[in-house]
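Hi,

Here is the structure I said I would pass on. Have a look at it first, and my notes follow underneath.

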Amino acid sequence: MGCPEDAVTYEAVYDRSIKHREEFWAEAAGLIDWDVVPQWMLDSSNPPFYRWFPDGVLNTCYNALDRHVDGGRADQLALVYDSPVTDTKRTFTYTELRDEVAKLAGALTDLGVTKGDTVIIYMPMIPEAVMSMLACARIGAIHSVVFGGFAAKELATRIDDAKPVAIMSASCGIEPGRVVEYKPLLDAAIEIADHKPSSVMMYQRPEAEASMVGGRDVDWASAVAAASSHDCVPVGATDPLYILYTSGTTGIPKGVVRDNGGHAVALAWSMHSLYGVNPGDVYWAASDVGWVVGHSYIVYAPLIHGCTTVLYEGKPVGTPDPGAFWRVISEHGVNVLFTAPTAFRAIRRDDPEAAYMEPYDLSGFRALFLAGERCDPDTLHWAEEKLGVPVIDHWWQTESGWPMVTNPIGIEMLEVKPGSPTVPVPGYDIRVLDDDDRECEANQIGAIVAKLPLPPGALPTLWNADEHFVDSYLRRFPGYYLTSDAGYKDEDGYVYIMSRIDDIINVAGHRLSTGAMEEVLSDHPDVAECAVIGVADDLKGQLPVGFVVLQAGVEHDHVEIETELVAMVRDRIGPVAAFKTAIVVERLPKTRSGKILRATMRNIADGQKWKMPATIDDPAILEEIAEALESR
Ligand code: COA
Ligand code: AMP
């Protein structure tokens with residue numbers, strides 16, 4: 001595979017990606033094997049909707065597996081599964097993984113799944129999760145992976161929106177100290193949902209046996225054993241590869257759509273240019289297949305690029321100790337690691353001197369990439385010092401599918417400025433706009449946007465919701481994509497991400513909506529009104545805290561109500577929300593026009609200096625909130 005950007009500067013590459021956009025991506029499209037090579041690069045006939053490579057035809061699974069088997073990597077490891085929570089390791093060469101996926105694809109077609117159908121994948125971090133995604137891609141079915149830490153209700157919402165023909169799942173996930181049985185959650189979700197899938201394919205893990213529903217559930221092993229291998233089905237470049245739901249500002253998640261062609265091209269291009277990774281290298285994204293990082297950089301990008309990818313079912317600490325990451329790096333020869341800063345904060349907290357690094361040979365390790373939340377300079381410096389390799393903070397989101405701002409080390413390693421994820425990625429015309437739609441001066445904070453059209457790989461729309469797509473991202477600044485992050489650029493063009501401009505909070509690298517949590521709290525019969533804010537946390541970045549005002553005349557014990565509220569959020573959204581604190585207060589601070597002063601509450605909670613807002617209706621309430629927080 002060629003790496004067209006060798007020996008040029010970032011500035012030159014970036015400039016060309018914006019000024020000669022179509023030529024730039026036509027060249028990158030050469031990294032992909034097409035059934036029909038696209039002649040038309042960008043369909044801009046229906047703005048603000050854009051489509052990349054509209055006349056191209058390909059298969060993403062072919063690009064991730066078969067072409068490497070045929071092209072000299074048949075015996076190279078494609079996938080290494082390392083699971084300290086089950087004390088298991090399994091490896092698959094490209095040939096083995098291709099054969100497993102082809103059989104699984106056959107089993108799916110036996111269940112009646114065909115091109116264009118949707119399939120929900122609700123699985124823990126086991127090789128079968130990766131195989132499920134690739135098997136769907138192989139037959140042109142559209143997968144939608146749901147993260148295992150979500151509750152039945154969240155899964156039900158996704159089932160109703162994606163309307164899957166089949167669901168692929170496993171009997172359990174394993175969290176340190178507990179087995180999370182998936183089947184009862186899945187059965188409950190199907191019960192709640194209006195849409196009913198025709199079949200459920202169930203992978204039985206030895207740690208828990210799932211009970212089967214007659215006429216609907218099929219045993220994974222038997223289905224695969226009875227199936228014949230299925231070949232790759234050609235699909236249009238603009239056909240969807242997957243839907244990935246992410247938090248919006250309400251309890252209704254957004255179904256981010258990813259197409260086949262643009263996605264394959266962008267990811268293939270990113271591996272060398274942005275991550276400095278070559279085919280044959282070992283790449284490890286310590287995330288979860290349920291998140292976008294898992295989709296892009298556990299599964300698709302490393303495989304499309306001919307790397308070995310590592311699937312890790314464990315935590316950075318406690319499985320069994322803070323040396324877990326160093327063990328995996330040395331044992332599997334990892335060259336590049338990608339994770340969230342929170343993982344490094346956890347390691348540093350438990351092993352500040354990095355004594356657990358001592359026994360391991362990390363000589364093959366070249367770079368650490370961090371994303372998912374703001375990377376605090378302390379964590380960045382600690383990682384740099386202990387690892388002695390470049391530590392790259394980079395910024396992106398589920399919607400973009402690949403980085404929007406980074407230090408593009410495969411093109412040119414730029415100066416690192418702690419606190420900044422560095423510069424816009426080629427293809428992303430990143431601007432900072434003020435409230436009057438004007439571009440901000442250097443160092444002036446505004447809304448971070450990307451000028452349309454977005455490059456290949458970024459979302460073309462939301463699933464069955466073009467209007468919602470326009471309303472959420474394109475309406476506020478016509479001609480630009482609204483990222484919902486606020487920040488600024490310095491005089492050197494470095495981008496700084498400061499905060500979200502909506503109600504999204506970031507807990508341990510997981511994106512959560514406080515609005516969705518408020519919807520749950522409001523459902524408690526004793527609650528009159530509520531506010532959930534994200535307060536700063538040393539380990540997880542932010543943690544949600546809920547404040548509730550009770551209905552008049554409620555006699556119910558406050559501590560009991562608070563416990564019930566915590567249980568409700570865990571039950572409806574899931575443990576991943578990490579919602580552990582609900583506080584009953586007399587009143588919520590509001591402006592005279594009735595708007596809850598969430599930002600001021602957050603400043604109080606974070607112990608930051610705060611000014612009494614001029615518009616507050618009753619200043620004494622803020623003192624009450626401060627006291628309530630202090631008493632916790
Ligand atoms: N299935 C079921 N439950 C899950 C789960 C899953 N797949 N993933 C997490 N949970 C549960 C956890 O067990 C925990 O439950 P608890 O309240 O009973 O303890 C809860 O959800 C919160 O999980 P998490 O936020 O992961 O916290 P943690 O305390 O278990 O671990 C870290 C903290 C920092 C070690 C962990 O968050 C981590 O490794 N983060 C890496 C970040 C990451 O992968 N980000 C993805 C984007 S790159
Ligand atoms: P997600 O869609 O879950 O990947 O979350 C995306 C959001 O996480 C972004 O909009 C940012 O708010 C935040 N985020 C991701 N990466 C970074 C980063 N490097 N620095 C600051 N915030 C980040």
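Before the counts, a word on terms: helices here are DSSP runs of H or I with at least four residues, strands are runs of E with at least two, and both are numbered from the N terminus. On that basis the chain has 18 helices and 31 strands. Keep in mind that this is a predicted model.

Overall shape next. The C-alpha trace spans about 70 × 60 × 55 Å along its principal axes. For 632 residues you would expect a compact globule to have a radius of gyration near 26 Å, and the chain comes out at 24 Å, so the two agree. Of those 632 residues, 61% are buried. If you take the contacts with a separation of 6 or more, 69% of them join residues 24 or more positions apart.

On the surface side, the chain exposes about 23,600 Å², with 49% of that supplied by carbon and sulfur atoms. In case you are thinking about electrostatics: there are 52 positive and 93 negative charges, and their mean positions lie 2 Å apart.

The chain splits into two pieces. Domain 1 takes in 4–314 plus 394–470, while domain 2 covers 504–631. Their centres, taken over C-alpha atoms, are 34 Å from each other. The two do touch: 17 residues of domain 1 are in contact with 15 residues of domain 2.

Two local spots caught my eye.

The first is Asp66, which sits in helix H3 (residues 60–73). Is Asp66 buried or exposed? Its relative accessibility is 5%, and because the cut-off for buried is under 20%, Asp66 counts as buried. Setting aside neighbours within four places in sequence, the contacts of Asp66 are Cys61, Arg98, Arg138 and Cys232.

The second is helix H11, running over residues 324–332. Seven of the nine residues in H11 are buried, which leaves the helix mostly covered. The buried ones are Ala324, Phe325, Trp326, Arg327, Val328, Ile329 and His332. Just after H11 comes Gly333, with a positive phi of about 65 degrees.

If you open the model, I would start with Asp66 and its contacts with Arg98 and Arg138, among others, and then go along H11 to Gly333.

Cheers

Conventions. Residues are numbered from 1 along each chain as its sequence is written. Chains are lettered from A and ligands numbered from 1 in the order in which they are written. This is a predicted model: local features need pLDDT of at least 70, side-chain atom pairs count only at pLDDT 80 or more; totals for chains, interfaces and linings use all residues. Side-chain values use heavy atoms; hydrogens and water are left out. The radius of gyration is taken over C-alpha atoms; the globule rule is 2.2 Å times the number of residues to the power 0.38. Buried means under 20% relative accessible area, exposed over 50%, partly exposed in between (1.4 Å probe, protein chains only). Contact means heavy atoms within 4.5 Å. Accessible areas come from the Shrake-Rupley method with a 1.4 Å probe; for residues, only the protein chains shown count as cover. Lys and Arg count as positive and Asp and Glu as negative; His and the chain ends are not counted. The place of a charge is taken as NZ of Lys, CZ of Arg, CG of Asp or CD of Glu. Domain bounds come from an automatic or database domain assignment.
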